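Biologist: Thanks for sitting down with me! Could you walk me through this one, question by question?

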Amino acid sequence: IFGFISGFTLVELCDTNNPSLRELSEKAPGTFQHSVMLSNLVESVVREIGGKPLLARAGALYHDIGKTYAPEYFIENQNGGKSAHDGLPYEESAQKIIAHVTKGVEFAAKYKLPDQIVDFIEQHHGTSVTRYFYNSWVNANPDKTADITKFQYPGPKPQSVELIAMMMADAIEAASRTLKVYSHESISALVNNIVDAQMKDGQYEDVDITMKQIGKAKQILISKIENIYHS
């Protein structure tokens, strides 16, 4: 009635046999594995910098459930070969990617997920831009001005420490899979570049978070990514 969420509810939501997560694992297995990995990363960060670790874990598990609607447009669900984006205009490809946020909110309503979990779905990209498709459009149209709104997530920006940790970890985990060399230097550079870019873009400005907390989050993410890819 009052919009509160209990620890017992969060524990239940973290059960991967939950119907919405089971549907995600069946239709978008790559996204499901990404979400499970993120739940561990985000919980570890929040546990150290302050916040609600169990909420962070639960939110991370559900943040991408909108990809269930069209999993083939997301690289973690592609098995090589022809991409679903081949032949699509860059604006349309960007909208296919961005739609996982609005579709995720629809799935959350279908499965009656709490508002606190919906926040993770809506805010994990903030108002950032689908940079790959935006840059591709700019390179293909050097004499035109891009309508950035066609490449931009609707937001809002993260409204809590847990959601900032979510945004950091989501971008870093995805980008880490593209590294050619896994070393302390390459992983540190990746983490610092992504977090600094998000800060410069103003994505953290709605939350009272300190540079000390951000620095600690970086170190935790560097350590965790190193552990994941340790030979």
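Modeller: Happy to, and please keep in mind that this is a predicted model. Let me begin with a loop residue: at 24% relative accessibility, S183 counts as partly exposed.

Biologist: Where in the chain does S183 lie?

Modeller: S183 is 113 residues from A70 in sequence, and their C-alpha atoms are 34 Å apart in space. As for its place among the elements, S183 belongs to the loop between α8 and α9 (184–200).

Biologist: How many helices and how many strands does the protein chain have?

Modeller: Reading from the N terminus, the elements run α-α-α-α-α-α-α-α-α-α. The count is therefore 10 helices and 0 strands.

Biologist: Is the chain compact or extended, and what is its radius of gyration?

Modeller: The C-alpha trace spans about 55 × 40 × 40 Å along its principal axes. For 231 residues the globule rule gives 17 Å, and the chain comes close to that, so it is as compact as a globular protein of that length. Its radius of gyration is 17 Å.

Biologist: What share of the contacts join residues at least 24 apart?

Modeller: Here the pool is contacts between residues at least 6 apart in sequence. Of the 231 residues, 50% count as buried. The share of those contacts that join residues at least 24 apart is 74%.

Biologist: Let's turn to helix packing. Are α3 and α4 roughly parallel or antiparallel?

Modeller: Helix α3 (residues 29–49) packs on helix α4 (residues 53–62) with the axes 8 Å apart and at an angle of about 155°. An angle over 145 degrees counts as roughly antiparallel. That makes the pair roughly antiparallel.

Biologist: What is the handedness of that crossing, and which residues meet?

Modeller: From α3 come S35, V36, L38, S39, N40, V42, E43, V46 and R47, and they meet P53, A56, R57, A60 and L61 of α4. By class, this contact divides into 8 nonpolar, 3 polar and 3 charged residues. As for handedness, α3 passes α4 in a crossing that is right-handed.

Biologist: Is S39 buried or exposed?

Modeller: S39 sits in helix α3. Leaving out residues up to four places away in sequence, S39 touches R57, A60 and L61. Its relative accessible area is 1%, and buried means under 20%, so S39 is buried.

Biologist: How many residues of α4 are buried, and which elements do they pack against?

Modeller: Helix α4 is mostly covered, with 8 of its 10 residues buried. They are P53, L55, A56, A58, G59, A60, L61 and Y62. Their packing partners are α1, α2 (19–27), α3, α6 and α8.

Biologist: And α6: which elements do its buried residues pack against?

Modeller: In helix α6 (residues 115–123), the buried residues are Q116, I117, V118, F120, I121 and Q123. They pack against α1 (7–13), α4, α5 and α8 (161–176).

Biologist: How do α5 and α6 run, roughly parallel or antiparallel?

Modeller: Their axes come within 8 Å and cross at roughly 165°. That makes α5 roughly antiparallel to α6. The contact is made by V101, G104, V105 and A108 of α5 with V118, I121 and E122 of α6. By class it has 5 nonpolar, 1 polar and 1 charged residues, and the crossing of α5 past α6 is right-handed.

Biologist: What classes of residue make the contact of α5 with α7?

Modeller: The axes of helix α5 (residues 90–110) and helix α7 (residues 131–140) come within 9 Å and cross at roughly 175°, and the two are therefore roughly antiparallel. Y90, E91, S93, A94 and I97 in α5 meet F133, S136, W137 and A140 in α7. The classes are 6 nonpolar, 2 polar and 1 charged.

Biologist: Which non-glycine residue has a positive phi?

Modeller: Most residues other than glycine have a negative phi. In the loop between α5 and α6, a residue that counts as exposed at 72% relative accessibility has a positive phi of about 55°. That residue is K112.

Biologist: Last one: which residues does a cis peptide bond join?

Modeller: Most peptide bonds are trans. Here omega is about 10°, and P156 is placed in the loop between α7 and α8. The cis bond joins G155 and P156.

Note on methods:
Residues numbered from 1 in each chain as written. Predicted model: local features only at pLDDT ≥ 70, side-chain atom pairs only at ≥ 80, totals over all residues. Heavy atoms only, no water. Axes fitted to C-alpha atoms, helices over the stretch in contact; angles between N-to-C directions. Helix = DSSP H or I, 4+ residues; strand = E, 2+ residues; numbered from the N terminus. Parallel < 35°, antiparallel > 145°, perpendicular 65-115°, else oblique. Contact = heavy atoms within 4.5 Å. Nonpolar A, V, L, I, M, F, W, Y, C, P; charged D, E, K, R; others polar. Left-handed = near helix turned anticlockwise from the far one by under 90°. Rg over C-alpha atoms; globule rule 2.2 N^0.38 Å. Buried < 20%, exposed > 50% of the residue type's maximum accessible area, 1.4 Å probe, protein only.
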